[in-house]
Amino acid sequence: MTTIVNLSANPFNLTSQQDAQVRAKLSTMSEKEKIGQLFCLLGDYNTEKELKEVIDTYQPGGFMYRPQHSQKIQSLQRAAQRISKVPLLLGANLESGGDGIGTDGTFYGRQIEVAASNKPENAYRLGLVAAREGKAVGCNWAFAPVVDYNANFANPIINVRTYGDNPDTVIKMGLEYMRAAQGEHVAVAIKHFPGDGVDDRDQHLLTSVNSLSTEDWDKTYGKIYQTMIDNGALTVMAGHIYQPAYTRHFNPKIADKDIYPGSLSPELLQGLLRGKLGFNGMISTDATNMAGFSSQGKRSELLPQAINAGCDMLLFTRDLEEDYHFITAAVQNHTISQERLDEAVLRILATKAALKLFEAQAAGTLVPGEGALKVLQCPEHVQWAKDLAQQSVTLVKDKEHLMPLDSNRTKRLLVFVIGDVVSASGKPPVHNIFVDDLKKAGFEVTLFNEDDAELKSLLVAGSVSALTSRFDAAIYFANVKTASNQTTVRLNWLKTMGFNVPWFVHELPTIFISVANPYHLQDVPMVGTFINGYTANDYVPAAIVDKLVGRSPFQGVSPVDAFCGYWDTKL
């Protein structure tokens with residue numbers, strides 16, 4: 001058994017008794033059991049029978065479920081923990097609150113909304129809401145916080161998932177999230193090492209590139225990761241992202257074709273993360289079914305390569321039986337040495353020990369009872385989310401001094417909704433909240449519908465006087481979400497000639513509101529009044545109406561360059 005992992009050191013900080021327990025557990029495990037620990041499986045199993053079959057066969061180290069109703073998730077995770085001999089790591093994307101695992105959890109707010117409030121205590125609340133509600137359904141591992149930063153406004157995947165474009169803000173907010181989550185015995189997975197957000201591509205679809213020099217990386221991503229590591233981050237998620245400068249730093253003679261992304265690179269994981277940054281905790285890959293990973297070579301070779309490069313746990317499979325066979329064959333033919341296998345499993349077990357999972361297993365408390373679910377959307381969490389909304393909504397510009405809106409002077413509103421489809425939880429689109437609150441405030445609202453022939457004709461070829469005689473102002477409400485497998489987050493207009501674009505800004509007072517992407521000004525620079533809300537939850541639209549009509553002041557401070565570097569967006 002390997003002895004190179006110091007379990008009493010940061011971030012495990014195990015007692016001598018826990019250290020001995022973990023090493024004793026490792027010594028009694030069969031090769032098959034050790035191999036199983038390397039896998040964190042996607043929770044595609046919806047019955048206890050299915051869970052028992054997969055756990056008995058493969059004995060995985062963990063699962064990650066997508067959001068479902070909390071009672072169902074809790075029941076499944078309780079069954080999984082009861083069946084498994086070794087307590088499981090149960091992960092979830094708890095980036096914005098309890099909604100990352102329970103569809104009835106609190107959608108507290110995107111990380112960028114937290115940053116816009118300019119209050120680190122809101123990042124602590126985010127971590128607390130996520131951990132409390134995640135723990136209530138059985139989660140013990142948050143695939144959060146995102147500690148990338150918005151180095152490129154055109155990046156299609158991180159966008160509102162970050163704390164903005166200032167590394168110091170990322171550190172300040174990330175530390176608070178981590179302090180809250182790990183204080184609740186929910187591990188964080190800081191991601192996506194070596195850093196997303198530099199290029200304008202999506203690692204779900206291809207291997208993306210962090211092209212910073214070593215010096216610039218040290219000042220930004222390096223500073224972020226070093227601080228999070230020094231302060232006890234239990235796990236790091238390795239992304240499918242190249243970092244050529246540091247790869248060449250640790251391997252000067254490497255050929256371009258031999259440079260691999262973080263999840264497959266010994267230079268980045270062992271030289272940079274373990275060596276230079278001193279990370280002693282557990283490393284997991286990002287999802288191995290992403291094209292950014294799969295396109296790098298033959299899967300039979302990539303999975304062992306990820307382990308040998310320094311990843312301790314593999315996130316997801318393509319075909320579980322085949323992937324398990326690939327790793328088993330690699331262990332048996334010594335492509336993965338026994339020493340490396342033991343080292344990886346030791347870190348996985350130590351992570352579980354640091355979370356006190358073995359004690360919880362003995363006590364039968366790995367997953368709480370149904371009564372714990374009352375914390376989901378509890379009054380305190382909901383109030384915190386409402387407070388965050390009030391503190392973060394940002395008036396980016398108001399060149400025409402339209403704020404506040406007066407329902408007497410600008411009573412008749414033409415409202416355009418862009419995007420805003422039904423949410424994943426099945427709730428109605430959030431623009432309904434916005435429109436209803438406008439009506440309650442005394443406005444007459446006409447909701448644009450392209451099937452309304454008369455209104456469409458007015459916008460396509462009607463006279464300006466006809467438009468201004470019917471409406472006093474126009475409002476755009478955009479909920480164009482950042483999502484994986486979506487290569488851009490831009491505004492698209494209706495044919496012909498984009499007739500619903502705000503061409504009439506000099507004829508009709510116009511306001512543009514975004515609740516899902518802070519960078520829309522690049523597509524509507526002509527709009528003089530622009531508002532960012534950052535999160536399409538139940539609380540932000542209501543807060544926006546409060547500020548539109550002057551019931552509360554705008555308090556948000558933009559955590560990114562909402563003008564996207566263009567001179568005309570500031571006009």
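The second largest pocket in this predicted model holds about 260 Å³ of space. Its lining runs to 16 residues, and those nearest the pocket centre are Lys135, His185, Leu355, Ala360 and Thr365. Sorted by class, the lining of this pocket breaks down into eight nonpolar, four polar and four charged residues. Two helices, α6 (120–137) and α15 (357–363), each put at least two residues into that lining. Helix α15 gives the largest share, with three residues.

Turning to the backbone, a few spots deserve a look. Most peptide bonds are trans, and most residues other than glycine have a negative phi. Against that background, the bond between Lys191 and His192 is cis, with omega at about 10°. His192 sits in strand β5, which covers residues 187–193. A cis peptide bond also links Lys495 to Thr496, again with an omega of about 10°. Here the setting is a loop: Thr496 falls between β14 (473–479) and β15 (510–514).

Phi angles supply two further oddities. Gln59 is not a glycine, yet its phi is positive, at about 50°. This residue belongs to the loop that connects α3 (48–58) with β2 (62–64). Gln59 has a relative accessible area of 18%, and because buried means under 20%, Gln59 counts as buried. Tyr534 is another non-glycine residue with a positive phi, in this case about 75°. It is placed in the loop between β16 (529–532) and α20 (540–548). With a relative accessible area of 1%, Tyr534 is buried as well.

Zooming out to the whole protein chain, the secondary structure adds up to 20 helices and 16 strands. The C-alpha atoms occupy a box of roughly 80 × 60 × 40 Å along the principal axes. How does the radius of gyration square with a compact globule? For 571 residues, such a globule would have a value near 25 Å, and the chain has 25 Å, so the two agree.

Burial and contacts fill in the rest of the picture. Of the 571 residues in the protein chain, 61% are buried. Among contacts with a separation of 6 or more, 77% are between residues 24 or more positions apart. As for the outside, the protein chain exposes about 21,400 Å², and carbon and sulfur atoms account for 49% of that area.

Definitions and conventions: Residues numbered from 1 in each chain as written. Predicted model: local features only at pLDDT ≥ 70, side-chain atom pairs only at ≥ 80, totals over all residues. Heavy atoms only, no water. 1 Å grid on protein atoms, 1.4 Å probe; cavity = no way out; pocket = protein on both sides within 12 Å on 5 of 7 lines; lining within 4 Å. Points joined across faces, edges and corners; volume = space filled by probe spheres on them. Helix = DSSP H or I, 4+ residues; strand = E, 2+ residues; numbered from the N terminus. Nonpolar A, V, L, I, M, F, W, Y, C, P; charged D, E, K, R; others polar. Buried < 20%, exposed > 50% of the residue type's maximum accessible area, 1.4 Å probe, protein only. Rg over C-alpha atoms; globule rule 2.2 N^0.38 Å. Contact = heavy atoms within 4.5 Å. Areas by Shrake-Rupley, 256 points an atom, 1.4 Å probe, with all protein chains shown as cover.
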